[in-house]
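Thanks for coming. I will take a few minutes to walk through one structure, and you can follow along on the screen.

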Amino acid sequence: MTASEHDDPEGLAEVVQMIAQAKRIVVLTGAGISTDSGLPDFRGPNGLWTKNPEAEKASNINNYVNEPDVRSLNWKLRADGKLWANVAPNDGHRALLPLQASGQLHTLITQNVDELHQMSGIDADKVVEIHGTTRKAGCLSCDYLTTMDAVLERVRNGEDDPSCPDCGGIMKSATISFGQALVAEDLTRAQQAADEADLLIAIGSSLTVNPIASVVPRAVRGGANLIIVNAQETPFDMIANAVVRGSISEVLPKLIP
Ligand SMILES: [Zn+2]
């Protein structure tokens with residue numbers, strides 16, 4: 001099959017068939033699958049960082065570690081519900097559930113830190129959170145890890161910059177910030193999944209953030225088919241069996257009936 005673009009749902013039959021026939025599907029998701037859940041926009045005209053440039057500093061590990069004001073602003077925004085309000089899974093997340101029910105889902109690698117896949121019903125054991133999760137918080141100096149809610153409770157009770165109860169270290173959401181290395185075992189797991197896949201479906205990711213984007217050509221080299229579902233072009237459209245544009249929450253349920 002040659003790479004083809006599908007703008008109309010009527011042309012999706014061959015993509016539906018490719019998914020139906022796959023036995024070990026690895027799904028890689030990015031921000032695009034969570035857009036319809038109303039996650040805050042960071043860099044748009046009304047984006048959180050556009051309106052509040054100081055808040056962006058928290059996304060860089062050096063600023064976060066060295067500037068207490070950056071940390072306290074970040075905790076305050078979280079405690080006020082301005083970073084992650086009450087977001088819920090959307091039809092795009094739910095569209096993947098049949099792949100789990102049928103036993104076809106090998107691994108779900110996500111660049112998202114929102115846990116919406118798990119909240120939609122995907123087994124946590126199937127998910128590799130390559131950039132961590134914002135629903136947990138940990139100490140930068142020791143292994144202490146707790147729920148984000150537990151830390152935000154401390155913030156609401158008056159602590160500007162809650163420290164680790166075990167060692168006094170700096171606490172941070174359990175996400176990979178700019179300047180921080182990925183968790184090696186997560187990357188290894190993602191790469192092994194790509195090697196074992198017979199189909200990789202990349203959904204809502206620009207596929208430009210390395211090293212995780214490299215699992216896409218890796219899977220293809222290993223013999224997997226590749227389907228890309230994304231609103232914009234990606235660097236790997238050329239090697240995909242099929243590229244599907246359009247709203248993810250609308251198109252995914254049609255691909256996985
Ligand atoms: Zn600690």
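A search of the whole structure finds zero disulfides. For anyone who needs the reminder, a disulfide is a covalent bond between the sulfur atoms of two cysteines. Two cysteines to look at here are C139 and C164. C139 is buried, at a relative accessible area of 9%, and C164 is buried too, at 4%. I should also say now that this is a predicted model.

Let me move to the strands. Start with β3, which covers residues 105–110. How many of its six residues are buried? Five of them are, so the strand is mostly covered. On one side, β3 pairs with β2, residues 25–29, in the parallel sense, and five bridges connect them. Within that pairing, L28 has I109 of β3 as its bridge partner. β3 also pairs with β4, again in the parallel sense, over three bridges. There, I109 stands opposite V128. If you want one residue to hold on to, take I109, with L28 as a partner in one pairing and V128 opposite in another.

Now go back to β2 and look at its other pairing. β2 and β8 run parallel and are joined by five bridges. L28 appears again, standing opposite A202 in β8. β8 spans 199–203, and five of its five residues are buried.

In a regular strand the side chains alternate between the two faces of the sheet. In β8, L199, I201 and I203 point one way, L200 and A202 point the other way, and all are buried.

Beyond β8 comes β9, residues 225–229, which pairs with β8 in the parallel sense over five bridges. L200 has L226 as its bridge partner in β9.

Next, a few backbone details. Most residues other than glycine have a negative phi, and most peptide bonds are trans. Where does this model have a cis peptide bond? One joins N210 and P211, with omega at about 5°. P211 sits in the loop between β8 and α11, the latter being residues 215–221. That loop between β8 and α11 also holds L207. L207 is not a glycine, yet it has a positive phi of about 55°. Is L207 buried or exposed? L207 is buried, with a relative accessible area of 3%.

E115 is another residue with a positive phi, about 60°, although it is not a glycine. E115 belongs to the loop between β3 and α8, which is 116–120. At 15% relative accessibility, E115 counts as buried, because the cut-off for buried is under 20%.

That leaves the pockets. The largest one holds about 1500 Å³ of space. It has 50 lining residues, and those that lie nearest its centre are A31, F42, Q111, N112 and V113. By class, the lining of the largest pocket has 21 nonpolar, 23 polar and six charged residues. Elements that each supply at least two residues of this lining include α2 (48–51), α5 (68–79) and β7 (171–175). Domain 1 (1–38 + 89–131 + 182–257) and domain 2 (40–83 + 133–175) each give at least three residues to the lining of the largest pocket.

F42 deserves a separate word. F42 lies in the loop between β2 and α2. With a relative accessible area of 24%, F42 is partly exposed. F42 and W75 are 33 residues apart in sequence, and their C-alpha atoms are 17 Å apart in space.

The second largest pocket holds about 520 Å³ of space. Its lining counts 25 residues, and G132, L145, A174, T175 and V183 lie nearest its centre. Those 25 divide into eleven nonpolar, seven polar and seven charged. β4 (127–129), β5 (132–139) and β7 each supply at least two residues of this lining. Which strand gives the most to the lining of the second largest pocket? That is β5, with five residues.

And where does the second largest pocket lie? It lies between domain 1 and domain 2, because both give residues to its lining.

That is the end of my tour. Thank you.

Methods:
Residues numbered from 1 in each chain as written. Predicted model: local features only at pLDDT ≥ 70, side-chain atom pairs only at ≥ 80, totals over all residues. Heavy atoms only, no water. 1 Å grid on protein atoms, 1.4 Å probe; cavity = no way out; pocket = protein on both sides within 12 Å on 5 of 7 lines; lining within 4 Å. Points joined across faces, edges and corners; volume = space filled by probe spheres on them. Helix = DSSP H or I, 4+ residues; strand = E, 2+ residues; numbered from the N terminus. Nonpolar A, V, L, I, M, F, W, Y, C, P; charged D, E, K, R; others polar. Domains from an automatic or database assignment. Buried < 20%, exposed > 50% of the residue type's maximum accessible area, 1.4 Å probe, protein only. Pairing = 2+ DSSP bridges. Disulfide = S-S within 2.5 Å.
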